[in-house]
Amino acid sequence: MGLASHGHDLGSGGMQAPIGGPDRADTSWWQSKPVRRFRRNPLAIVGALIVFVFVIVATFAPQMSELGRTCLRDLGLTAVTASDVRDPTKAVFWRSIVAPPATCYTIPRASFSPIPEAPSESYRLGTTSGGYDIFYGLLWGSRTAFRIGLIVVSVSLLFGLLIGGLAGYFGGWIDDVLMRFTDMVIAFPSLVLAIVIVTLLGQTLTNVIVAIALVAWPNYARVIRSEILTVKELTYVESARALGGRHFRIFIQHVLPNTIASMIVVASLDMGSVVLTAAALSFLGLGPPVGYADWGQMVNFARDWILGPPGQPLAYWFTSFYPGITILVFVLGWNLLGDAFRDAFDPRNA
Amino acid sequence: MFAYIVRRLLFMPVVFLGVTLMVVLLLQLLSPAQRAAAFVRSDAQLRNLDAIIVQYGLDQPFHVQYVNWMREAAQGNLGYSTASSEPVMDTIRKRFPASAELALISLIPVLGLGIWLGTLAALNRDKAIDQFARVFAIVGWSLPNFVLAIWLLVIFYGALGEPLREFAGGAFRLEPGRVSTSVNIEIANGNFPLHTRFMLIDSIINGRWDVFWDALRHLVLPVITLAATSSALIMRVMRSSMLETLSQDYVRTARAKGLPTATVHYKHARRNALIPVITLSGFTVIFLMNGVVITETVFNYPGLGRWFATAAVNLDYPAVMGFTLLTAFIVVVGNLVVDILYALIDPRIRYG
């Protein structure tokens with residue numbers, strides 16, 4: 001199993017000689033100082049494990065859940081051949097993982113009843129208000145979470161790279177204008193701004209991604225700018241410039257590699273906060289349509305049943321507990337990972 | 001220090017100009033008819049949108065529209081909110097005190113708990129209290145406020161609702177809303193005049209301690225929700241800043257002089273350790289603004305945040321834009337207050 005071997009590597013790597021042989025031990029990636037610091041930090045391991053489990057869950061959501069009828073139809077399956085989706089020799093197995101039809105993101109409904117159903121054989125975590133299957137929603141919701149997180153982080157990384165890169169590299173008035181603009185976006189409450197943008201663009205998942213990317217880039221721009229300001233003055237960059245190197249080439253070859261460590265830290269901390277903002281938006285009803293597999297919406301459903309029926313106040317605990325704990329653990333995992341990266345890369349810990 | 005404050009004051013209009021430009025720029029995404037709603041003051045005008053489009057030049061170029069919009073906003077006309085069925089300005093005037101009350105009271109646990117626990121954790125490094133504080137920091141920081149809010153309601157309003165209703169005549173009931181229905185009826189009947197619209201202050205003015213207590217117990221759960229994220233952040237920064245300060249030479253000197261431990265910790269070390277926390281307070285303003293939207297929505301608290309969330313879902317553009325403008329204003333003023341505090345505490349700026 002992937003999980004077992006992963007854990008084994010992490011646990012024993014510190015004691016055994018790396019594959020490269022004893023003479024290469026000091027120069028190998030596995031033995032480098034940041035990686036060693038990371039491996040010895042128990043919280044880092046917990047964070048990495050949490051993220052790893054979520055990656056597995058998101059990848060194999062089609063195999064782990066009972067697919068709905070429209071989803072099966074769009075995959076070209078019938079109730080009889082439904083088990084093909086779990087057979088790696090069949091094409092539909094890979095299709096369901098890489099490019100599942102959009103209808104698969106719609107949570108199957110056990111009923112149209114507003115009253116939640118307790119966890120059972122067929123609905124492992126119960127159903128929430130509207131008869132939506134909680135287990136299915138959380139599994140496929142992890143795919144939604146990763147999709148939002150990865151797209152937003154890469155888009156805002158590129159945008160931040162552009163703005164921060166221009167500001168740091170050229171300095172002067174370009175720097176002033178770009179950084180004042182960045183400060184302004186940072187100073188504005190991100191959720192409020194995201195709500196405004198989604199309201200004006202229209203309430204769809206794509207617009208949620210656009211809105212969050214528009215509020216998330218300033219962090220990257222700031223970090224990249226400050227890294228560039230440090231690197232710019234180094235002798236080897238100066239000599240590259242003296243040799244007549246082009247701006248773009250100097251930037252790509254000499255400046256960019258130095259920003260990677262800080263980018264990893266910001267990006268992993270951002271994965272958590274981006275998904276959190278997205279969940280908050282759809283919790284408020286500004287996200288994807290009702291019934292779309294999405295964690296924020298699942299918490300929103302739970303609002304209908306804060307009070308149980310008379311005499312059993314906790315009867316519907318599962319409607320708020322499972323979606324809530326899923327978001328918490330996901331964000332916690334990325335935050336632990338981000339903190340661990342920061343500690344590992346911090347030269348003060350050397 | 002005077003020069004410093006003047007410099008910051010001069011920066012304020014720049015920020016405000018930027019934000020308003022952004023708001024009007026975003027408004028261009030809408031059709032002229034949708035934008036016209038921002039200039040409507042009454043139902044009668046709402047029925048004749050074409051006249052407004054012409055009157056305010058909504059088919060004109062961007063800079064003309066910006067000037068028009070700013071002129072109207074400066075006169076207090078932010079349009080008509082369909083979500084609250086009244087002019088945006090009236091809603092802001094009525095609801096602002098409710099949100100301000102919530103946010104200001106939240107500052108007590110945010111700063112108090114954050115600074116106290118952070119100091120304690122740093123002074124007892126790696127002991128039980130430090131471990132607890134670190135877990136609190138990372139979990140508090142990762143727990144979404146809307147999840148916390150719902151869990152709090154499920155536990156205290158749901159599970160403990162019945163016992164709390166019976167205990168001490170329900171004096172410790174924790175419920176959503178701002179005040180009990182009976183008080184709302186009194187307000188509607190005019191038996192409880194609203195002077196400031198700050199419920200805690202009004203109840204003191206009216207000499208109604210029962211209402212004071214009633215408002216206070218309604219504030220408990222929202223304040224916990226609103227304070228959780230920020231206090232976790234402040235605690236964390238306070239802890240690391242305190243640890244760094246404690247390792248500095250001047251603290252060792254103070255110890256070597258034989259000063260009492262408490263004096264060294266609280267007079268010498270903590271004062272300097274507080275500087276990063278004050279820098280962070282600017283962010284606290286931002287977090288509170290974000291949090292108010294979620295918290296008020298979950299707890300059915302009649303403030304600006306809930307109005308904004310409802311307006312956004314119902315595509316009530318004037319309300320959304322009005323709230324955005326107000327947010328910009330609060331952020332600018334909040335940052336100014338933080339800057340001044342900063343100058344007061346840090347002599348490098350005071351004399352710089």
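Where in chain B does B:Asp126 lie? In this predicted model, B:Asp126 sits in the loop that runs between helix H6 (88–123) and H7 of chain B. Its backbone is a bit unusual on paper: B:Asp126 is not a glycine, yet phi comes out positive, at about 65°. As for its surroundings, B:Asp126 has 9 other C-beta atoms within 10 Å, and it counts as exposed because the cut-off for that class is 12 or fewer.

B:Ser85 tells a similar kind of story. Here too a residue other than glycine has a positive phi, this time near 50°. B:Ser85 belongs to the loop between strand S1 (80–81) and strand S2 (86–87) of chain B. Inside 10 Å there are 10 C-beta neighbours, so B:Ser85 goes down as exposed.

Stepping back to the whole chain, chain B contains 17 helices and two strands. Its C-alpha trace spans about 80 × 60 × 35 Å along the principal axes. Chain B has 352 residues, and 40% of them count as buried. Taking the contacts in chain B between residues at least 6 apart in sequence, 71% link residues that are at least 24 apart.

Next comes the contact between the chains. Chain B puts in 39 residues and chain A puts in 38 residues. On the chain B side, at least two residues each come from helix H1 (2–27), H7, helix H8 (145–159), helix H9 (161–166), helix H14 (261–298), helix H15 (304–313) and helix H16 (317–345). H8(B) gives the most to this side, with nine residues. Sorted by character, the residues of chain B that touch chain A come to 29 nonpolar, nine polar and one charged.

One residue worth a closer look is B:Ile138, found in helix H7 (residues 128–142) of chain B. Leaving out residues up to four places away in sequence, B:Ile138 touches A:Leu332, A:Asn335 and A:Leu336. Is B:Ile138 buried or partly exposed? With 19 other C-beta atoms within 10 Å, B:Ile138 is partly exposed, because burial calls for 20 or more. Within its own chain, the C-alpha atom of B:Ile138 is separated by 9.5 Å from that of B:Thr229, a residue 91 places away along the chain.

Definitions and conventions:
Residues numbered from 1 in each chain as written. Chains lettered and ligands numbered in written order. Predicted model: local features only at pLDDT ≥ 70, side-chain atom pairs only at ≥ 80, totals over all residues. Helix = DSSP H or I, 4+ residues; strand = E, 2+ residues; numbered from the N terminus. Contact = placed C-beta atoms within 7 Å. Nonpolar A, V, L, I, M, F, W, Y, C, P; charged D, E, K, R; others polar.
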